[in-house]
Amino acid sequence: MKRLKTILHYHSKHFKYIAIITIIYSLININFFPYQSKYSKEETKFEGTITKLKIKENKLTIYVKGKENIIINYYQEDFLILHKNLNIGDTIYIKGTLSTPKANTIPNNFNYKKYLYNNKIYYLVNAQKITKIKNNVSIINHIKNKLNNYIDSNIKKSSPYIKTFILGQKDFLEEEVLSSYQNNGLTHLLSISGLHLSLLIGTIFLILKKITHRIVTSYIICIVMTLIYMLFLNFTPSILRSGIMYILLSINKIYNLKIKTIDLMYLNLIIILVINPFYLVNIGFQLSYLVSYFLILTSYKIKNIHNYFLKLLITSIISTLASFPILIYNFYEINIISIIINLIFIPIISYVVLPLSFICLIVPHLDIILATITTFLEKISLIFSTITITKIIFPKPSYLLIIIYYIIFLLSIKNKKFIFIIPIIIFYSQIKIYLDNNFYIIFLDVAQGDSTFIRYPHNKLNILIDTGGNYQYETAKTIITYLKSINVKKLDYLILTHGDYDHMGEAINLVENFKVEKAIFNCGEFNELEQNLINVLNKKKIPYYSCVKELNIGDDKLYFLNDKDYGNENDNSSVIYTELNNHKFLFMGDAGIKVEEDLMEKYNLKDIDVLKVGHHGSNTSSSEEFINSINPEYSLISVGKNNRYGHPKESVLDTLSNTKNYRTDYDGSIMFQIKNNKLKIETCAP
C-alpha cells in the first residue's frame, strides 16, 4: 500500500497531461466516429423501459431505453389518462413511426438534433399506440416514483424547486423563470453539484462520525450513499462530476495519498470522459467543471479572506470569468450585473432554499415558507432580466479565441499582469465585426413567412425586411438569437412589406425585445395588425414612415418601386430593389401579377442577380413574362415545409427552371455574402 501511495502521489502531477490527451481523444471520437443507430428507419414497433415522463401542452413525451435511447411523442386524446398509468421503470410497447430530429435552420440557434445526438438520442417516435407490458421492478425507480408522487401530493407549491434541487428535474420550472435565471447567470445554482452533495452527504457523514466514531467507516458509507444518489439521478453530467470528485477526495483522505485537489480534478475529468466522451460538449458539465476548476485553482487566495461578503464577491467574479466564454458561445449575451445578482442568490440558495428543500421532504408543512422564498427569488430574477441596459451582446466566439482566453486566465492566476489581457480579448471580440468589409444578405427560414436580414459593411448598418409570423413557431426569438450571435445591437430599419401576419406577425415581439431605430410601412391604409404595431412604436418613441420612395444607406440606396394602392394587402406590398457592389437584388413581398405588369411598364429591370420570389411561390405571382423580363440568376422562395397552401406551385417552379432556385423548406436559411465583388452562398439545411 505504501508503494502504491508513493506511485500515485508521484504520477498525480502527470494527470493534467493525461487529461489533455483524453480531451483530444473525446473530440476525435465525437467528430470523426459518428454513431450508427441500432434502429432502422422503417421500424414501426418498439419496446423499452421508461426513464422519464413529461407533459407539455397537448402531448405526452416519454424517454425510453430500448435498443438505444429514443423519445416518444404521444398526441392522442387519452395522453393524460395514459400518463397517470405509467411510471418510471415500466416497460412499454410502442407502435409508431420514426423521425430524425431537426437541426436549426437559422444559424447559431439551438440545434435540437445535435443536442439529442450528444445525449445519444438519434430518433423520435410519433406514437399511435402505447401499451404497458410490465410494471417497474427496479427498487431505485420505485423509490423515485414514490418520491415524485409524494412531492406532487404533499409539497405542491414548491414542488418545482424540490424536484430541481433534489431530483435534478428543471423541466417543472416555468420557462419564463428558467429563462430569467439563464439571462442573469444563475443557472449554475439550479444544477445538482458539489454544494448539494456537501449538504446531503456532509450531513450524513457528521451523523455517522458521531455514531460510529470511525472516520474510515463513515467515509465508506458516504461513498456508497453517493453512488446510490448518482444512480438515483441517472448519472447526469453535473452529479457525475461532483459525485466522482467526492469519492476521489474521500479515497485521498482514507489512504492519506496526499494528492493535490487540482490533480484530482484532472483525474475526475479523465474518468468522466472515458465513461462518456460526449460529456465534453455538455453545457451543464462545461460550466460546472470549469467554475469548480478555477475556484480550486484560486482557493489558496480566497481562503485567507475573512470577510464573508468580500470572499463571496471574489468567488462570484472568478465564477463569472470562468463561465464567460461558454455563456457567450451559447447565448451571445452577458448581464454585467450577474456578479451582484449572484451575491444575492448564492447565500439564499445555499443556506436557505437548498436545506429547506430537503427538510420539506420530512416536514411538508414548511412548503408555504419555501414557496414564499422561491417566489421572491423569481420576482427578483424576472425584474433583473428585464433590465436591458446592463446586458451586453457578444458575437459567437471562435474556438481559438476561447482557448486563448482560458490560457490567459490560467496565466493570470500565477501572474496578475496577464489579467489585463482578458479585457483586450473581450474588446477584440466586439470590434472584430468592424474589420469585415463584406455585405451579408440572409433569407431567414421563418416557415410559411418572409424575413430577410441585410448587413452593410460601412457603419455596420442593419436592415430587417419583414419578421415572419407563424402561430406554431416563436419566430422572433430565433431571429433575435441570430442577430445577437453576429453582434447586431440594433436594427437601423425595420421594413414591413405589408400587413399580413406571415410578414409582420412577430414585429411587436421583436420591437419589445430588440432596439429598432426606424420602421417603414408600405403604401395604403394601415390594417389592425399594423395599427397595433404603431401603438407600440409610439409608446417606445420609435419613428415610422409609410409609402417612402427610397432610403439612403451610406453610398447605397433601397428603392421602393410599388407606390400604388391596389386595394389589397398582397398587391400593396413594398417591392424593393437595390444594388450592392453591382449585384442586383429584388424583393417582391407578396405582390401579384398585376403589380409585375406595372413594374415592367414603369422600370427597366433586367438581369437581376437575386430575386426574392413573390408570395412564397404562389401562382398569383411570378408570371412567365415577368421572370423572363428580369432574368434572375438566383431565386429564393421563403416557404414552410408541407404548408397547407401547396406553395410553391409547380407552374412557378417550371417558370423558374432557368434560375438557380433555393427554398427555405429544403435549404433552411440562405445567406449571400458579397466578398471581393463575388457572391458566396451558404445554406443552413434542417
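# Reading the terms in this structure

Student: Why does Asp-492 count as buried?

Tutor: In this predicted model, Asp-492 has a relative accessibility of 9%, and since buried means under 20%, Asp-492 counts as buried.

Student: What makes Asp-492 and Lys-490 a salt bridge?

Tutor: A salt bridge needs a side-chain nitrogen of Lys or Arg within 4 Å of a carboxyl oxygen of Asp or Glu, and here the side chains of Asp-492 and Lys-490 meet with N and O 2.5 Å apart, so the pair satisfies the cut-off. Side chains of opposite charge can pair when their charged atoms come close.

Student: Why does Lys-490 count as partly exposed?

Tutor: The relative accessibility of Lys-490 is 28%, and because partly exposed covers the range between under 20% and over 50%, Lys-490 counts as partly exposed.

Student: How do you know that Lys-515 forms a salt bridge with Glu-517?

Tutor: The closest N and O atoms of Lys-515 and Glu-517 are 3.7 Å apart, which is within the limit of 4 Å, so this pair also qualifies. Glu-517, with 29% relative accessibility, counts as partly exposed.

Student: What makes Glu-682 and Lys-680 a salt bridge, and how accessible are the two residues?

Tutor: The N to O distance between the side chains of Glu-682 and Lys-680 is 3.7 Å, again within 4 Å, so the term applies. Glu-682 has 38% relative accessibility and counts as partly exposed, and Lys-680, at 41%, counts as partly exposed too. The structure holds 17 salt bridges, and Lys-549, Asp-563 and Lys-602 are linked in a network of them.

Student: Why does Thr-452 count as buried?

Tutor: Thr-452, which lies in strand E9 (residues 452–455), has 5% relative accessibility, and because that value falls under 20%, Thr-452 counts as buried. Leaving aside neighbours within four places in sequence, Thr-452 is in contact with several residues, including Ile-441, Phe-443, Leu-464 and Phe-587.

Student: What makes strand E13 and strand E22 edges of the sheet?

Tutor: The open sheet of 8 strands has the order E13-E12-E11-E10-E9-E8-E21-E22, with mixed pairing. Strand E13 (544–546) and strand E22 (678–684) each have a single partner strand, so one side of each is left without a neighbour in the sheet. The twist in this sheet averages 15° from one strand to the next.

Student: How do you know that strand E10 and strand E11 are paired?

Tutor: Two strands pair if there are at least two bridges between them, and 3 bridges join strand E10 (residues 462–465) to strand E11 (residues 493–495), so the condition is met. These two strands run parallel, and Leu-464 stands opposite Leu-494 in E11.

Student: What makes strand E14 and strand E20 the edge strands of the sheet of 7 strands?

Tutor: That open sheet has the order E14-E15-E16-E17-E18-E19-E20, with mixed pairing, and strand E14 (550–553) and strand E20 (660–663) are its edge strands, since each pairs on one side only. Within this sheet, strand E18 (residues 610–612) and strand E19 (residues 634–637) pair in the parallel sense over 3 bridges, with Lys-612 standing opposite Leu-636 in E19.

Student: Why are H8 and H15 called oblique to each other?

Tutor: The axes of H8 and H15 cross at roughly 60° and come within 11 Å. Roughly parallel would need an angle under 35 degrees, roughly perpendicular 65 to 115, and roughly antiparallel over 145; the crossing angle fits none of these ranges, and H8 and H15 are therefore oblique to each other. Their crossing is right-handed.

Student: Which residues of H8 meet H15, and which residues of H8 are buried?

Tutor: Leu-195, His-196, Leu-199 and Leu-200 in H8 meet Ser-350, Leu-354, Pro-355 and Phe-358 in H15. In helix H8 (residues 194–212), the buried residues are His-196, Leu-197, Ile-201, Phe-205 and Leu-208, and they pack against helix H6 (159–167), helix H9 (215–232), helix H10 (237–254) and helix H15 (338–362). Just after H8, His-213 takes a positive phi of about 60°.

Methods
Residues numbered from 1 in each chain as written. Predicted model: local features only at pLDDT ≥ 70, side-chain atom pairs only at ≥ 80, totals over all residues. Heavy atoms only, no water. Buried < 20%, exposed > 50% of the residue type's maximum accessible area, 1.4 Å probe, protein only. Helix = DSSP H or I, 4+ residues; strand = E, 2+ residues; numbered from the N terminus. Contact = heavy atoms within 4.5 Å. Axes fitted to C-alpha atoms, helices over the stretch in contact; angles between N-to-C directions. Left-handed = near helix turned anticlockwise from the far one by under 90°.
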